[in-house]
Amino acid sequence: QVQVVESGGGLVQAGGSLRLSCAASGRVFSINAMGWYLQAPEKQRELVAAITEGGSTNYADSMKGRFTISRDTAKNTVHLQMNGLKPEDTAVYYCYAKVVLFRGDSTRTVWGQGTQVTVSS
């Protein structure tokens, strides 16, 4: 069974920084991409940042220049460095991993439980 576990959320003042981490564990053939989504109260989940196995990154426009995603492929971990945080960044942040369980299998998305990030003004 594949699990994705996030850590590093918390409360920070506006302008501050947080670093989120996410680890995927379990027996897999490959992990094609990992990334982060956020979900604010009463809003839909939206992409924050993603990174492929090859290191290509993608960011939401509102996060470009403030957030940096990085990945340790050997350890199946991904980190999200968040700088210049704003109150509107307050949300639950979910990590995901796009995994292939065995050769020939289709890609599946495994989600973590989420970690709360609260930015006070």
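This report walks through a disulfide, some salt bridges and a few buried residues in a predicted model.

## Ground rules

Local features here need pLDDT of at least 70, side-chain atom pairs count only at pLDDT 80 or more, and totals for chains, interfaces and linings use all residues, this being a predicted model. Numbering runs from 1 along each chain as its sequence is written, and side-chain values use heavy atoms, with hydrogens and water left out.

## The disulfide

Let's start with the cysteines. The count comes to one disulfide, taking a disulfide to be a pair of cysteine sulfur atoms within 2.5 Å. Cysteine 22 and cysteine 95 are the partners, with their sulfur atoms 2.0 Å apart. The torsion about their S-S bond is about -85 degrees, so this disulfide is left-handed. It ties together distant parts of the chain: cysteine 22 sits in strand 3 and cysteine 95 in strand 9 (residues 91-100), 73 residues apart. Strands, by the way, are DSSP runs of E with at least two residues, numbered from the N terminus.

Are these cysteines buried or exposed? Cysteine 22 is buried at 2% relative accessibility, and cysteine 95 is buried at 0%. The cut-offs are under 20% relative accessible area for buried, over 50% for exposed, and partly exposed in between (1.4 Å probe, protein chains only).

## Alanine 24, also in strand 3

Alanine 24 belongs to strand 3 (residues 18-25) and is buried, with a relative accessible area of 9%. Its C-alpha is 9.4 Å from that of cysteine 95, although 71 residues separate the two in sequence. Setting aside residues up to four places away in sequence, alanine 24 touches Gln3, Val4, Ile31, Met34, Asn76 and Ala97; contact here means heavy atoms within 4.5 Å.

## Glutamate 6, a buried charge

Strand 1 (residues 3-7) holds glutamate 6. What is the nearest side chain of opposite charge to glutamate 6? It is arginine 45, 7.5 Å away, and glutamate 6 is buried without a salt bridge. For the charge count, Lys and Arg are positive, Asp and Glu are negative, and His and the chain ends are not counted.

Backbone nitrogens do come into the picture. The one of cysteine 95 lies 2.9 Å from a polar atom of the glutamate 6 side chain, and the one of glycine 114 lies 3.0 Å from a polar atom of that side chain. Leaving out neighbours within four places in sequence, the contacts of glutamate 6 include Trp36, Tyr94 and Gln113, along with both disulfide cysteines, Cys22 and Cys95.

## Salt bridges

The whole structure has three salt bridges, each being a side-chain nitrogen of Lys or Arg within 4 Å of a carboxyl oxygen of Asp or Glu. One joins arginine 66 and aspartate 89 at 2.7 Å, N to O. That pair links distant parts of the chain, 23 residues apart: arginine 66 is in the loop between strand 6 (57-59) and strand 7 (67-72), and aspartate 89 is in the loop between strand 8 (77-82) and strand 9. Arginine 66 is buried at 13% relative accessibility, and aspartate 89 is buried at 3%.

Lysine 64 and aspartate 61 form another, at 3.2 Å, N to O. Here lysine 64 is partly exposed at 49%, while aspartate 61 is exposed at 64%. Then there is arginine 108 with aspartate 105, whose closest N and O atoms are 2.9 Å apart. Arginine 108 is partly exposed at 37%, whereas aspartate 105 is buried at 16%.

## Strands 7 and 8, and alanine 49

In a regular strand, side chains alternate between the two faces of the sheet. Strand 7 shows the alternation: Phe67, Ile69 and Arg71 point to one face and are buried, while Thr68, Ser70 and Asp72 point to the other and are not. Strand 7 pairs with strand 8 in the antiparallel sense over six bridges, where pairing needs at least two DSSP bridges between the strands. Isoleucine 69 has leucine 80 of strand 8 as its bridge partner. The hairpin of these strands has four residues between them, and asparagine 76 takes a positive phi near 55 degrees there.

Alanine 49, in strand 5 (residues 46-52), is buried at 0% relative accessibility. Beyond residues up to four places away, alanine 49 touches Gly35, Trp36, Asn58, Tyr59 and both members of that bridge pair, Ile69 and Leu80. The C-alpha atoms of alanine 49 and leucine 80 are 8.2 Å apart, with their positions 31 residues apart along the chain.

Methods. A polar contact is a pair of N or O atoms within 3.5 Å; within protein, one must be able to donate a hydrogen and the other to accept it, and residues adjacent in sequence count only if both atoms are side-chain atoms.
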